[in-house]
Amino acid sequence: MSTDLPDVSGLSIGILGGTGDQGKGLARRFALAGHTVLIGSRSEERAREAAEAVGARARGADNATVAAEADIVIVAVPWDGHKATLESLRTELAGKIVVDCVNPLGFDKQGAHALPVEEGSAAQQAAAVLPDSRVVAAFHHVSAVLLLDPEVDEVELDVLVLGDDREATDTVQALAGRIAGVRGVYGGRLRNAHQVEALTANLISINRRYKAHAGLRLTDV
């Protein structure tokens, strides 16, 4: 696998919806890797509390401030607020790489299942809502439990990175590699994000059956 990826060590990372476990877990790992992390929330107070829990390199603010100030922005908001949140931040996110890790899932007595999305996937919805941003899909299958666990030094995982802008996907692959144990792997164009998002339902089923925190590792790459 090519290692010709950009140096992203100086980038600040904003996380919209950073008070949830997934967002907070990613914030923690990127802070450990030396990045300045901006945690966003609709509630500035909740964002500040989450930042305090993450540590010294994290700062909390409202979503609009985080979207405007961060070099690269990760979207980790709940699916039901995804479209409205991004529509409200179109101006702040213009010109930026926006990494969507949202999984449109439903839950019933049979477990997790993928929800239909009019645009095809959450990432494609983000691209439609943010025409002036460079949308990349990534970080869908990273266990929040492992990210938050102080006993876990390395998260053994490949992160599939999808997008239509090669420079942007290279940047996000490099960013994934900043988390100890993680490798970013190009996974195709943005139109292929649906099955990556939907696969999360399968991983949830695996984890429930085997009481695990399963992730993906790709062979021969």
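**Entry 1: Arg 166 and its partner**

I began with Arg 166, which counts as exposed because its relative accessibility is 62%, and exposed here means over 50%. I note at once that I am working from a predicted model. The side chain of Arg 166 meets that of Asp 170 in a salt bridge, with N and O 3.2 Å apart. Both residues belong to helix H8, where they sit four residues apart, or about one turn of the helix. Asp 170, however, counts as buried, because its relative accessibility is 14% and the limit for buried is under 20%. I then found a network in which salt bridges with shared partners join Glu 156, Asp 158, Arg 183 and Arg 217.

**Entry 2: other salt bridges**

I looked up how many salt bridges there are, and the count comes to ten. One of them joins Asp 165 to Arg 134, with the closest N and O atoms 2.9 Å apart. This pair links distant parts of the chain, since Asp 165 lies in the loop between strand E9 (157-163) and H8, while Arg 134 lies in strand E8 (residues 134-137), 31 residues apart. I wrote down both accessibilities: Asp 165 is partly exposed at 27%, and Arg 134 is partly exposed at 25%.

Next I turned to Glu 156 and Arg 217, whose side chains form a salt bridge at 2.6 Å, N to O. Glu 156 is in the loop between H7 and E9 and Arg 217 is in the segment after helix H9 (193-210), so this pair ties together parts that are 61 residues apart in sequence. Arg 217 has a relative accessible area of 43%, and is therefore partly exposed.

**Entry 3: helix H1**

How far apart should the ends of helix H1 be, at 1.5 Å a residue? H1 covers residues 21-32, and its twelve residues should span 16 Å, because the expected span is 1.5 Å times one less than the number of residues. The C-alpha atoms at its ends are 16 Å apart, which agrees.

I then listed the buried residues of H1, which are Gly 23, Gly 25, Leu 26, Ala 27, Arg 28, Arg 29, Phe 30 and Ala 31. These buried residues pack against several elements, namely strands E1 (13-16), E2 (37-41) and E4 (72-75) and helices H2 (44-54), H7 (144-148) and H8 (166-176). Just after H1, I noticed that Gly 34 takes a positive phi of about 100°.

**Entry 4: the nonpolar cores**

Which residues touch the most other members of the largest nonpolar core? That core has 36 residues, and the ones I was looking for are Leu 26, Phe 30, Ile 74, Phe 139, Val 159 and Val 172. At least two residues of this core come from each of E1, H1, E2, H2, E4, strand E5 (97-100), E9 and H8. H8 supplies the largest share, five residues.

I followed Val 172 further and, leaving out residues up to four places away in sequence, found that Val 172 touches Ile 72, Ile 97, Val 99, Val 136, Ala 138, Phe 139 and Val 161. Apart from the largest core lies another, of 26 residues, which includes Leu 38, Ala 61, Ala 70 and Ala 122.

**Entry 5: Thr 200**

Last, I checked Thr 200, which lies in helix H9. Is Thr 200 buried or exposed? Its relative accessible area is 9%, so Thr 200 is buried. Again leaving out residues up to four places away in sequence, I noted that Thr 200 touches Asn 103, Leu 105, His 140 and His 141.

Terms used: Residues are numbered from 1 along each chain as its sequence is written. This is a predicted model: local features need pLDDT of at least 70, side-chain atom pairs count only at pLDDT 80 or more; totals for chains, interfaces and linings use all residues. Side-chain values use heavy atoms; hydrogens and water are left out. Buried means under 20% relative accessible area, exposed over 50%, partly exposed in between (1.4 Å probe, protein chains only). Contact means heavy atoms within 4.5 Å. A salt bridge is a side-chain nitrogen of Lys or Arg within 4 Å of a carboxyl oxygen of Asp or Glu. A nonpolar core is a set of buried Ala, Val, Leu, Ile, Met, Phe, Trp, Tyr and Cys residues joined through side-chain atoms within 4.5 Å.
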